[in-house]
Amino acid sequence: MPEAIAEIQRVKQASQRAVPITVAPGDGIGPAIMQASLEVLEAAGAQLSINTIDIGESVYRAGHSAGISDAAWESLRETGVFFKAPITTPQGGGYKSLNVTIRKSLGLFANIRPCSALAPFIPTRHPEMDLVVIRENEEDLYAGIEHRQTDEVYQCLKLISRPGCEKIIRYAFEYARANGRRKVSCFTKDNIMKMTDGLFHRVFDEVAADYPGIATDHWIIDIAAARLADTPEMFDVVVMPNLYGDILSDIAAQISGSVGLAPSANIGVHGAMFEAIHGSAPPLAGRDIANPSGLLRAGVMMLLHLGQTEAAERIQNAWLKTIEDGIHTADVYRDGVSTRRVGTKAFADAVIERIGERPERLAEAHYATASAPIIPVQPTAPAPAKKTLVGVDVFIHSRQTPQALADSLQCCQAGEMALEMITNRGVKVWPNGMPETFCTDHWRCRFMAASGETMSKRALIDLLDRLADAGIDFVKTEQLYAFDGERGYSLGQGQ
Ligand code: NAD
């Protein structure tokens, strides 16, 4: 490192207090890209006091089912800032996803994943793309609530909450405003999942009304994914539930040049975690060939979060200049475009050599005047609705035909409740089912209040008692409620 830079650093270090952060080197390519990133951060004058923890494969194998020890949790709680390399989740049952555990335990509800082209220096079919995926991080199918209910059928619960939607959608609009972005798009599948994705869409429309200066649109996720892969330049900020955001951010990163380029920030009220979007890439481990850019750029996001804007700007501009100079790792190296194929360490050295330089053609970063990090706002809880029990779906494991099942269920119904329909994987098979419908051994049997109005929980328990006495194998019940008179459950398909 040139003497002058070292001197500037010494002066700066003397005048600023180092901020405690927790660092995990991770697994696979993790240690190499973390080492490379930390060297660049240090050379750029980042003021960090590092507490290193072990997470991942070795910790899983030592008996911690979530891949993290109690002492590591303590460090995370103390610093509230986590710079994390990717980890390997061992195959097989019994291991929980560490990423999901950390995001949910620390309430890191917003996952921000910028993906932009670096054309013409990094080849991409989409030289104009410049979008930010804002992925909901705590809910959806990632609740990890899965069950096997019958010989043939397994289920995974998709949970979407109003505060969860409001937090992430408001964050997306605040992000757009703070970063001079013009449009926020929402992706859901609410034509099919009318209640869960429907809520996400509805809250999007409600929150959008508070940001009249920002354009908005909503897309059904399947066509949105096709357009994002084909014409990403039409999107700016995109906000979506967890699973769609997970998948589409990898696609966006890959089509911008390489999955190895993209960073992510996981933001919450009580902390923040910064990581690359890719995994531990075991085939590349120990070979000094992985691209450290995703993690390094996550480090830039971390410095911005900490208010260390000058160091962040120095790194981003030196990194852009390195890319412009054609110094590329193997994943983005192209003959005729790149000038030097380098390994992980040499790439970091090249960035360090360029600290203080600026890109000539790519857009230079100006963070010195960056707006303050967005402080997540806790959504206000709506007033409790008047909740009325109007029926129950009883899920039954049976090999009977729909008519035989209906006959045995009708023998058990009494008093307040009557069997209304039976569906198999959501398709109505009784009454008036179609003989062509393929049926599994898993039936949803809907009983409604005989009065057409409300029923008591006692009536439900009595019904289950009678089903148990009749030897009917019920595997789950789901109460049907009206909220302030509005139906709180989907109708059976075919109705
Ligand atoms: P992956 O992202 O690790 O790798 C897929 C492929 O992408 C690699 O084989 C490589 O060709 C390329 N790639 C990824 N990162 C690169 C980089 N920095 N430079 C160059 N090329 C790169 O995905 P995977 O193979 O599905 O998962 C491997 C492991 O990582 C699994 O155990 C998975 O659970 C874990 N994982 C961890 C995280 C995380 O810790 N945040 C995220 C995703 C996957």
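**View 1. Helix α2 crosses helix α10 in this predicted model.** Helix α2 covers residues 30–43, and helix α10 covers residues 293–305. Their axes come within 9 Å. The crossing angle is roughly 45°. Angles of 35 to 65 degrees are neither roughly parallel nor roughly perpendicular, so α2 and α10 are oblique to each other. The crossing of α2 past α10 is right-handed.

**View 2. Side by side, α2 and α10 share a contact.** From α2 come Ile33, Met34, Ser37, Val40 and Leu41. They meet Leu295, Leu296, Gly299, Met302 and Leu303 of α10. Eight of the residues in this contact are nonpolar and two are polar. None is charged.

**View 3. Six strands form an open sheet.** The strand order is β17-β16-β18-β15-β19-β20. Pairing is antiparallel. Strands β17 (427–430) and β20 (486–487) sit at the edges, and each pairs on one side only.

**View 4. Strand β16 pairs with strand β18.** Residues 417–424 make up β16, and residues 442–449 make up β18. The two strands run antiparallel and are joined by seven bridges. Opposite alanine 418 stands methionine 448 of β18.

**View 5. Helices α13 and α14 pack on the sheet.** Helix α13 (residues 402–412) touches β15 (387–397), β16, β17 and β18. The direction of α13 makes about 155° with that of β16. Helix α14 (residues 457–469) touches β15, β16, β18 and β19 (474–483). The direction of α14 makes about 160° with that of β19.

How values were computed: Residues are numbered from 1 along each chain as its sequence is written. This is a predicted model: local features need pLDDT of at least 70, side-chain atom pairs count only at pLDDT 80 or more; totals for chains, interfaces and linings use all residues. Side-chain values use heavy atoms; hydrogens and water are left out. Axes are lines fitted to C-alpha atoms, for helices over the stretch in contact, and angles run from 0 to 180 degrees between N-to-C directions. Helices (H or I, at least four residues) and strands (E, at least two) are DSSP runs, numbered from the N terminus. Angles under 35 degrees count as roughly parallel, over 145 as roughly antiparallel, 65 to 115 as roughly perpendicular and the rest as oblique. A crossing is left-handed if the near helix is turned anticlockwise from the far one by less than a right angle, and right-handed if clockwise. Contact means heavy atoms within 4.5 Å. Ala, Val, Leu, Ile, Met, Phe, Trp, Tyr, Cys and Pro count as nonpolar, Asp, Glu, Lys and Arg as charged, and the others, Gly among them, as polar. Two strands pair if DSSP finds at least two bridges between them.
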